[in-house]
Amino acid sequence: MRKNDVVLLAHGDGGALTHELITGLFLRYFPGRTLQSLTDAAALELSGGRVAVSTDSFVVSPLFFPGGDIGKLSVCGTVNDLAVVGAKPLYLTASFLIEEGLPLAELERVVASMAAACAEAGVEIVAGDTKVVGRGNLDRLFINTTGVGLIPDGVELGYARLAPGDQILVNGPIGEHGMTILALREGFGFAGQVASDCAPLNGIIGELLAAVPGVKLMRDLTRGGLATAAKEIALAAGCDIILKEDAIPVRPEVKGAAELLGLDPLYLANEGKFMAVVPAADGEKALGVLRRHPLGQEAALIGEVCSGRGNVYLKTAFGGTKFLDMLAGTPLPRIC
């Protein structure tokens with residue numbers, strides 16, 4: 001592969017260039033023995049718990065942004081979907097939809113980023129697919145990843161477990177991914193001041209589950225942000241949730257930009273943040289566990305569960321109460 005090469009339609013025709021792309025690029029970065037066998041399907045050995053499977057497609061624009069890129073995002077997004085149901089992520093598949101003309105150097109940059117994210121998360125890509133479409137038929141590059149993980153015995157998470165008094169935590173400041181993509185795409189002057197929080201959460205979640213087995217529920221705070229996730233939990237669990245505005249961590253640069261643009265950080269997307277619900281007696285212990293991890297140093301207790309009918313309330317810093325609903329529409333498409 002030469003420096004200035006670009007993806008050609010022939011890279012997707014199943015012939016020599018396809019083989020060259022697979023062996024010269026993908027297998028170079030994804031060295032797992034299962035994938036190297038190049039069989040039609042991966043044969044995996046799983047034992048020791050329930051199997052969790054999740055799939056997601058990533059179409060973020062632009063492909064590269066402060067704090068990450070579409071490759072890192074495609075690994076972290078699926079790893080985090082598995083982690084918040086209590087699973088230990090093990091394997092991923094990766095499917096690439098590539099527009100003819102994409103520089104191969106950019107594709108390699110994305111693949112290298114995926115490999116680094118896989119190494120950080122401790123997962124292996126075991127199967128994949130590439131399709132190349134003509135110019136103008138998609139925007140450069142889309143990636144689908146499917147993940148497989150194991151939920152260990154003894155891990156029981158679910159909406160039915162929530163009860164009045166349960167404490168709600170987040171592992172750090174919210175809104176960074178959504179604000180980063182918005183600032184970069186629209187060319188706002190503060191684009192260099194914010195960076196995506198894109199990160200694999202299975203490590204910090206594994207430590208939380210090991211130290212606090214009473215964790216009742218977790219959600220990653222992607223599209224729709226914290227407010228939408230809280231509303232979905234309240235509706236599914238048949239309870240109310242009260243969030244405390246002055247306890248929710250938001251970086252000053254994100255807060256300032258959101259105020260300037262008329263956006264609410266509670267609804268901005270995150271790619272490295274999750275909320276956890278724990279029994280009241282475990283709140284401080286869980287907070288301590290999160291804060292000892294690099295991805296949780298600014299974790300906070302932000303609210304609690306109350307009896308009710310699926311409502312979410314925000315206790316504002318001025319002493320008032322604000323009703324929170326799900327995100328209506330999307331202020332920014334293609335953020336993940």
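**Exercise 1.** In this predicted model, work out whether Asp166 is buried or exposed, then find its salt-bridge partner.

*Solution.* Start with Asp166: its relative accessible area is 3%. The cut-off for buried is under 20%, so Asp166 counts as buried. Next, look for a nitrogen close by: Lys216 makes a salt bridge with Asp166, with 3.0 Å between the closest N and O atoms. Now place the two. Lys216 sits in the loop between α6 and β8, Asp166 in the loop between β6 and β7, and 50 residues separate them. Finally, check Lys216: at 10% relative accessible area, this one is buried too.

**Exercise 2.** Move on to strand β7 (residues 167–170) and sort its side chains by direction, then name its pairing strands.

*Solution.* Gln167 and Leu169 point one way, Ile168 and Val170 the other, and all of them are buried. That fits the usual pattern, because side chains in a regular strand alternate between the two faces of the sheet. For the neighbours, take β10 (residues 274–278): it pairs antiparallel with β7 over 4 bridges, and Gln167 has Val278 as its bridge partner there. Then take β11 (residues 300–307), antiparallel to β7 and joined by 4 bridges; here Leu169 stands opposite Leu301.

**Exercise 3.** Trace the salt bridges around Glu176.

*Solution.* First, Glu176 meets Arg251 at 2.4 Å, N to O. Arg251 lies in the loop between β9 and α8 and Glu176 in helix α5, so this bridge ties together parts 75 residues apart in sequence. Second, Glu176 meets Lys273 at 3.7 Å. Lys273 is in the loop between α8 and β10, 97 residues from Glu176, and both are buried. Put together, shared partners join Glu176, Asp197, Arg251, Lys273 and Glu298 into one network.

How values were computed:
Residues numbered from 1 in each chain as written. Predicted model: local features only at pLDDT ≥ 70, side-chain atom pairs only at ≥ 80, totals over all residues. Heavy atoms only, no water. Buried < 20%, exposed > 50% of the residue type's maximum accessible area, 1.4 Å probe, protein only. Helix = DSSP H or I, 4+ residues; strand = E, 2+ residues; numbered from the N terminus. Pairing = 2+ DSSP bridges. Salt bridge = Lys/Arg side-chain N within 4 Å of Asp/Glu carboxyl O.
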